[in-house]
Amino acid sequence: MPKSRATQRRLGQYWTPRALAEFMLEAVRPQPDWRVIDPACGEGIFLQCALERGVSCAVGIDIDPETLERARENLMPYGERVRLYLQDGLLPIHDPDPFWQGNYDLVIGNPPYAATGYRVSDPKILDRFELSREPEPEDSEQASLFEDARFRRGRRKPSVAIEVLFLERFFQLCRPGGMVAIVAPRGIAANRNLMYVRKWLLLKHSVRCILEPEAAAFKGVGANALTSVFIVDNYPSCQGDRAMLAALPPAQWNLSLYAPENERLYRMALLVQEVIDYARALRYQPRNEEPEDDTDEVDNLSDDDDSIDEK
Ligand SMILES: C[S@@+](CC[C@H](N)C(=O)[O-])C[C@H]1O[C@@H](n2cnc3c(N)ncnc32)[C@H](O)[C@@H]1O
């Protein structure tokens with residue numbers, strides 16, 4: 001029996017248009033040896049696109065048995081390279097082998113949103129997430145002394161929007177240095193009451209790009225969602241990190257990414273790759289390539305210290 005619209009809305013079931021999934025994969029360029037996971041995979045569009053690009057292993061989780069069955073059918077041609085789990089994506093993966101629990105190279109997807117009131121209040125789930133904590137007030141001494149503690153010390157909120165928990169879940173599943181590419185409601189990037197989420201994201205991870213697909217991107221799939229796409233490197237940000245903010249150009253979302261109508265979208269994906277490569281090149285610049293002047297400055301500083309001691 002086809003699922004009712006109400007059930008679909010309750011579970012936040014809006015399928016990502018293939019062109020958007022393609023765009024995100026084009027931007028992050030998965031390598032053949034990558035393990036990729038979508039923790040709320042729906043019918044498996046992100047996994048399918050990743051497998052078409054040759055990744056060795058694609059893992060999907062969904063809470064809805066019918067939907068997961070469709071993902072199974074769609075991904076059948078890829079045989080052993082696919083693993084699917086029927087469970088809550090916010091909970092540890094039900095697999096006795098620790099290999100499947102985390103350390104994924106790429107965590108990608110479009111998890112459910114709270115627009116229809118989909119919030120999580122189960123304390124067993126909330127306790128697994130830093131973002132379920134009330135942030136410390138900005139001016140509190142604790143907060144300024146221990147920036148990180150802001151996310152742990154506060155009281156647990158009675159309920160949290162599901163997309164906030166999924167955002168953190170994506171990073172829990174990602175290996176250090178891996179990548180997260182996530183479609184989230186635009187409120188994550190803009191709502192005042194989600195400032196603490198943005199701070200957490202910017203402090204703990206390296207946001208490379210925030211892209212805003214045109215409002216019509218999800219029209220064809222029955223949703224009118226305003227979304228943002230976050231592309232993030234999973235290591236702590238460092239001073240001077242920059243992020244690219246851009247609106248995704250209008251496109252015929254139901255066409256393949258490479259149709260001439262989508263040429264601009266394709267060029268945007270290449271631009272994102274450049275931003276990511278550039279940021280990594282800066283981060284991994286070997287120490288001995290630093291200009292010699294820096295060493296002199298350090299020496300000068302220690303001379304100053306000596307002179308203070310002498311007084
Ligand atoms: C917005 S849809 C996106 C599906 C797919 N990633 C895509 O982009 O087409 C969200 C999916 O999350 C699933 N879902 C809802 N709550 C979940 C939960 N707690 N754990 C895992 N999956 C969940 C829904 O069944 C739905 O398939």
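**Close-up 1. The shell around the ligand.** In this predicted model, 24 residues surround the ligand (C-beta atom, placed from the backbone, within 6 Å of it). The closest are Thr-16, Ala-40, Gly-42, Gly-89 and Asn-110. By class, the shell splits into twelve nonpolar, eight polar and four charged residues (Ala, Val, Leu, Ile, Met, Phe, Trp, Tyr, Cys and Pro count as nonpolar, Asp, Glu, Lys and Arg as charged, the others, Gly among them, as polar). Helix H3 (45–52) and strand E2 (57–62) each chip in at least two residues; helices (H or I, at least four residues) and strands (E, at least two) are DSSP runs, numbered from the N terminus. Residue numbers start from 1 along each chain as its sequence is written. Local features need pLDDT of at least 70 and side-chain atom pairs 80 or more, while totals for chains, interfaces and linings use all residues.

**Close-up 2. Where H2 meets H3.** Helix H2 (residues 18–28) packs on H3 at about 50 degrees, axes 9 Å apart (lines fitted to C-alpha atoms over the stretch in contact; angles run from 0 to 180 degrees between N-to-C directions). Arg-18, Ala-21, Glu-22 and Leu-25 of H2 touch Ile-45, Phe-46, Cys-49 and Ala-50 of H3 (contact: C-beta atoms, placed from the backbone, within 7 Å). Six of these contact residues are nonpolar, none polar and two charged.

**Close-up 3. The open sheet.** Eight strands line up as E3-E2-E1-E4-E7-E9-E8-E10, with mixed pairing (a pair needs at least two DSSP bridges). Strands E3 (82–86) and E10 (244–247) stand at the edges, each with a single partner strand, so one side of each lacks a neighbour in the sheet.

Notes. Contact = placed C-beta atoms within 7 Å.
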